[in-house]
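Hi,

Here is the structure I promised to hand over. Have a look at it first, and my notes on the pocket, the ligand and the cavities follow below.

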Amino acid sequence: MGHVKLFIPGPVEVSRKTFEAFCRPMVGHRSKDFQELYASIQPRLREAFRTTRPVYLSTSSAWGVMEAAIRNLVRGKVLNCMSGAFSDKWYDVSVRCGREAVKCQVEWGKPITGELVDRHLSAGGFDAVTLIHNETSTGTMNPLADVAEAVRRHPDVMLIVDTVSSFSVLPIEPEKLGIDVMLTGSQKALALPPGLALFTLSQRALDRAAQVPARGYYFDFVEFHANAEKNMTISTPSIGHINALKSKLEDIFEEGLENRYERHRRNNAMVRKWAKERGFELFPEPGYESLSLTCIRNNRNLDLPAVNKALKEKHGFLIDGGYGKLKGQTFRISNMGDETEETMGALLRALDDVIG
Ligand SMILES: *Cc1c(COP(=O)(O)O)cnc(C)c1O
């Protein structure tokens, strides 16, 4: 099979430059070379995370850190905001970790609002709230600042935010918003191969973790911090990912963060416009559409598997035919990563060719 370019919402297309960096020779993970590599990426990583605090690297997919956040910060009760496949699953993970998980649930495509979160938290006794900023399964972006403000009204409650499909797509200010755990993954907007998760912690999250028993080892936040102080990781990391990340940070800062945000916004607007002009409706409630991807209602009753097959065979592109219970009813087009007006335009022309 030739190269099929992915426009699914993760993993996304990885550039040749990134792959070349990924393939650099290994160094020992306890060597000075590694420590220098680790330290060299921190300033730019922190700038991209818009934080002054360390950015930790986990050799795992994002779910590793999503589960770790529960294990490290929740002793008893956690409020899980649920509005799609990923956020619904986080509730399930909290239950599997033996925590008292409480649902803050809305219909798929509807936003989680501060008012709703505030109302749930008023019951009292919560250790933390989990929120997925951009629910990738429905293409819905939650009003993060509004939810963060609501959580701040409950001083003992930690805010855990998944920015897996929004990180570097738009500015997110963890310290200003009072986010205690902000995590992302490598294979979405960062356009790296899958397998690395990145996160930052507030001081109070670290303090809380230190008091929570049975955190284990591999995902212990206290261990992450202790190793980071030495510019190292807990165990042998995916060194290829760290080299690739260094290369990606060069790209990001060559373009400029603001330009990167603007490029994502423009490319996303292109897809929305395309969809509307062809008689499609968007899935999310108006006003809460994602900037990373577009989740489009299949209101023209396209045979989506056939569309994707033709797209792949004739044009070498792949889009997503709907996630979970939305399979067949929606399709999703990602504009995350390195995409440009030209590459998005090429995809949309190919789609026109296939759907007629
Ligand atoms: C893709 C995605 C995940 C899962 O990431 P993995 O790297 O597969 O663990 C979690 N949350 C959101 C919002 C995602 O888009």
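A word on terms before the numbers: a pocket here is an open set of grid points, on a 1 Å grid over the protein atoms alone, with protein on both sides within 12 Å along at least five of seven lines. The volume of a pocket is the space filled by probe spheres set on its points.

Please keep in mind that this is a predicted model. The mean pLDDT of the protein is 98, and 100% of its residues reach 70 or more. Among the elements, strand β8 (residues 158–162) has the highest mean pLDDT, 99, while helix α12 (residues 304–315) has the lowest, 97.

Now to the pocket. The largest one holds about 240 Å³ of space. It is lined by 19 residues, and Pro-9, Phe-86, Val-164, Gln-187 and Lys-188 are the closest to its centre. Where does this pocket lie with respect to the domains? Domain 1 (5–12 + 256–355) and domain 2 (16–253) both contribute lining residues, so the pocket lies between them. Helix α3 (residues 62–73) provides the largest share of the lining, with three residues. By type, the lining has nine nonpolar, six polar and four charged residues.

Next, the ligand. There are 13 residues around it, and those that come nearest are Ser-61, Thr-136, Asp-162, Gln-187 and Lys-188. Which contacts might you want to look at? In the side chain of Thr-136, an N or O atom is 2.4 Å from an oxygen atom of the ligand. Two backbone contacts can be added: a backbone N or O atom of Trp-63 lies 2.9 Å from a ligand oxygen, and a polar backbone atom of Ala-62 is 3.1 Å from a ligand oxygen.

Finally, the enclosed spaces. The count comes to three cavities of 30 Å³ or more.

- The largest cavity has a volume of about 70 Å³. Its lining includes Leu-57, Tyr-218, Phe-224 and Pro-237, and divides into five nonpolar, four polar and no charged residues.
- The second largest cavity holds about 40 Å³. Among the residues that line it are Tyr-38, Tyr-56, Asn-227 and Met-232. Strand β2 (56–58) and helix α9 (221–228) each supply at least two lining residues, and α9 gives the largest share, three. Here the split is seven nonpolar, two polar and no charged.

Leu-57 and Phe-224 appear in the linings of both of these cavities.

Happy to talk it over whenever suits you.

Best wishes

Terms used. Residues numbered from 1 in each chain as written. Predicted model: local features only at pLDDT ≥ 70, side-chain atom pairs only at ≥ 80, totals over all residues. Heavy atoms only, no water. pLDDT = per-residue confidence, 0-100. Helix = DSSP H or I, 4+ residues; strand = E, 2+ residues; numbered from the N terminus. 1 Å grid on protein atoms, 1.4 Å probe; cavity = no way out; pocket = protein on both sides within 12 Å on 5 of 7 lines; lining within 4 Å. Nonpolar A, V, L, I, M, F, W, Y, C, P; charged D, E, K, R; others polar. Domains from an automatic or database assignment. Near = heavy atom within 4 Å. Polar contact = N/O pair within 3.5 Å; in protein donor to acceptor, adjacent residues only side chain to side chain.
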